[in-house]
Amino acid sequence: MTALGGSLGSAFLAACSGSQGGTSGQQGTTDGASGIDYMALVNKTHALPEGWEDAVEIVTFTSSEDWDVDVEAKAYDAYLGLKEDLEADDVYVDLDSAYRSVAAQQEIVDEFTKKYGEEYVKQYVAVPGYSEHHTGLALDLFLIIDGKGVYYNEEMVKYPEIWEKVHAKLADHGFILRYLPGKKIETGYSYEPWHIRYLDDVDAARQIMDEGITLERYLDELDPMTADCEVDYGASKLYAEPDMDSALDAILAEFKNWDGCTLQRFAFAGDDACGADELEYVNGLREEGAEAFDQAIVFTTDFHSPSAEKSEGTAWEPDTDYKDWTWHLGRTGADGSWELLTWGY
Ligand SMILES: [Zn+2]
């Protein structure tokens, strides 16, 4: 579930969005000529286009698990086609949640801030106005396996072979897989096999799925600072991709201050670099009185410094490749967020 993610169950979230539903719901109207741009990009840096909520046509239906789901009308029709297509292959899916209004997202932010604090909300909850679910075109699926709904994120990821079948049929119905593995640097999100996006354009969807690219890259809307960055998570027994993605977040937050620099490579330094010596090293760097870290992680990056003109007043040699810059992070508990402690050669 994009907007909230983490270990929270989708069912709870679906209940959240469902209880907000019905404000603009029009049961059964699915042929609307709404004035929305089906290719619109909404992500952490691109807000929902103005006027969208007035223009979008939303339908409401009840899922097999008995909660209400609001979804954009054409996307809903396309979803029914996808569902039928999958059922012919004995793959069963249903809709967990789709449309979520900006106001509903604000309520989630308020509620979660009270419950879990600002830090948590910053990490896991989309900023109102910047969630793709506001479009009504982003659908979170869940699986039905042996007649039972499987909708918790931790459970859903255990069925890669089923997701592969789902993903193979998306483009035929004008959908794409939105948050690809290893592409957080482009989309802002870790891999979500269940989050699909309707484009109302089968050719564009086919191209995106065939090439395995993100919507950001297809629309040429990548952040120039990281657009050409190669990401290499390597093979790790210590850390899974979401662990590395949250470290990437911490590193990018710093790197974005390096005006004019472009990131060329971002690579996990390997399990051997994250052992007891490294843990001792990062613990030596932590704030006085802070809880000790019990995990350490190291990344290396290559980047290019800006031109002479733009490098003025910075520590960079102008127009130069910097190789194997090292970043050291620590965290407390596997659910904690990484703290960036030091970086450099
Ligand atoms: Zn989602």
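# Helix α7 and the open sheet

Colleague: Against which elements do the buried residues of α7 pack?
Modeller: The model is predicted, so that local features need pLDDT (the predictor's confidence in each residue, from 0 to 100) of at least 70 and side-chain atom pairs count only at pLDDT 80 or more, while totals for chains, interfaces and linings use all residues. Residues are numbered from 1 along each chain as its sequence is written. With helices (H or I, at least four residues) and strands (E, at least two) taken as DSSP runs, numbered from the N terminus, and contact meaning C-beta atoms, placed from the backbone, within 7 Å, the buried residues of α7 pack against α3 (73-87), β3 (93-97), β4 (138-145), β6 (175-177), β7 (195-198) and α9 (202-211).

Colleague: Within what arc do the buried residues of α7 fall?
Modeller: In α7 (residues 160-170), I162, W163, V166 and L170 are buried (20 or more other C-beta atoms within 10 Å of their own; exposed is 12 or fewer, partly exposed in between). Seen down the axis, by the directions from it to the C-beta atoms, they line one face of the helix, because they fall within an arc of 95 degrees.

Colleague: Which strands stand at the edges of the open sheet?
Modeller: Five strands form this sheet in the order β8-β9-β10-β11-β12 with mixed pairing, where two strands pair if DSSP finds at least two bridges between them. Two of them have a single partner strand each, so one side of each is left without a neighbour in the sheet: β8 (230-232) and β12 (339-344).

Colleague: In β12, which residue is the bridge partner of G330?
Modeller: Strand β11 (residues 321-331) runs antiparallel to β12 and is joined to that strand by five bridges. In β12, the partner of G330 is E339.

Conventions. Two residues are in contact if their C-beta atoms, placed from the backbone, lie within 7 Å.
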